[in-house]
Every structure is written in structure tokens, then in C-alpha cells.
Amino acid sequence: NITFDWSNVTGAASYTIQIDDANTFSSPVIVNQTVTASQFSSSTLPIKTMWWRARANDASGKPGNWSVARRFEVKN
């Protein structure tokens, strides 16, 4: 199980996290999930090098800017 954790954003009602095997986050994205906490966990990611990024969404659903993409690797 891998947990992604990022800083809370004042006024955020939710967050969107994207995980992809390309740092351009082109289609298809492996994970495109909206969560209410500034944290996301998954135990079903493929074994490979990937990137992740997150952004805050306000109460009306308007998204903020994406964070810097971070690289990670899942190994077996």
C-alpha cells in the first residue's frame, strides 16, 4: 500500500490527485481521483516508474494549480 500525502490548502473542499506513467499526464491517466483529505492510498498501482501531482478544488469545484509532478517507483 502506497500513501500519497500533501499539504492542506486553506479553503479547499477537495483535492484531485493524478498518477501516470508519463510526466505529461497524457491519456490514459492511471489514477484520476478526487478525495476530501489531502491524502490518497492505493495498493493496486502497476510495478513501474510513475509520476504524481495534486491540486485543490474549492467548494464550487473550481480547481487550483497542479503541484509540481513528483516521480516514484513501485517495485515488487
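**Strand β2 and its surroundings in the predicted model**

Strand β2 and strand β3, the latter spanning residues 31–35, pair in the antiparallel sense over five bridges. This description rests on a predicted model. Within the pairing of these two strands, I17 has Q33 of β3 as its bridge partner. Strand β2 also pairs with strand β5, which covers residues 49–57; seven bridges join the two, and they run antiparallel. In β5, the residue that stands opposite D20 is W51.

These pairings belong to an open sheet of four strands, arranged in the order β3-β2-β5-β6 with antiparallel pairing. The edges of the sheet are formed by β3 and by β6 (70–73), each of which pairs on one side only. On average, neighbouring strands of this sheet are turned by 25° against each other, direction ignored.

Strand β2 itself comprises residues 14–20 and is mostly covered, with seven of its seven residues buried. The side chains of the strand point in two directions: S14, T16, Q18 and D20 point one way, whereas Y15, I17 and I19 point the other way. Residues of both sets are buried.

Among the residues of β2, Q18 was examined in further detail. Q18 has a relative accessibility of 10% and therefore counts as buried, the cut-off being under 20%. Two polar contacts involve the side chain of Q18. One links the side chain of Q18 to the side chain of N32 at 3.3 Å. The other joins the side chains of Q18 and R53 at 2.7 Å. When neighbours within four places in sequence are left aside, the residues in contact with Q18 are F25, V29, V31, N32, W51, W52, R53 and W66.

F25, which is in contact with Q18, is placed in the loop between β2 and β3. The relative accessibility of F25 is 8%, so this residue counts as buried. The backbone of F25 has a positive phi of about 55°, although F25 is not a glycine. In general, most residues other than glycine have a negative phi.

The loop between β2 and β3 also contains D21, which takes part in a salt bridge. A search of the whole structure finds one such salt bridge. Its partners are K48 and D21, whose closest N and O atoms are 3.2 Å apart. K48 lies in the loop between β4 (39–42) and β5, while D21 lies in the loop between β2 and β3, so the pair ties together parts that are 27 residues apart in sequence. Side chains of opposite charge can pair when their charged atoms come close. K48 counts as partly exposed because its relative accessibility is 33%. D21 is likewise partly exposed, with a relative accessible area of 37%. Both values fall between the cut-offs of 20% for buried and 50% for exposed residues.

On the other side of β2 in sequence, T10 is found in the loop between β1 (2–5) and β2. T10 has a relative accessibility of 84% and so counts as exposed, for which the value must be over 50%. T10 and A56 are 46 residues apart in sequence, and their C-alpha atoms are 9.1 Å apart in space.

Terms used. Residues are numbered from 1 along each chain as its sequence is written. This is a predicted model: local features need pLDDT of at least 70, side-chain atom pairs count only at pLDDT 80 or more; totals for chains, interfaces and linings use all residues. Side-chain values use heavy atoms; hydrogens and water are left out. Buried means under 20% relative accessible area, exposed over 50%, partly exposed in between (1.4 Å probe, protein chains only). Two strands pair if DSSP finds at least two bridges between them. Axes are lines fitted to C-alpha atoms, for helices over the stretch in contact, and angles run from 0 to 180 degrees between N-to-C directions. A salt bridge is a side-chain nitrogen of Lys or Arg within 4 Å of a carboxyl oxygen of Asp or Glu. A polar contact is a pair of N or O atoms within 3.5 Å; within protein, one must be able to donate a hydrogen and the other to accept it, and residues adjacent in sequence count only if both atoms are side-chain atoms. Contact means heavy atoms within 4.5 Å.
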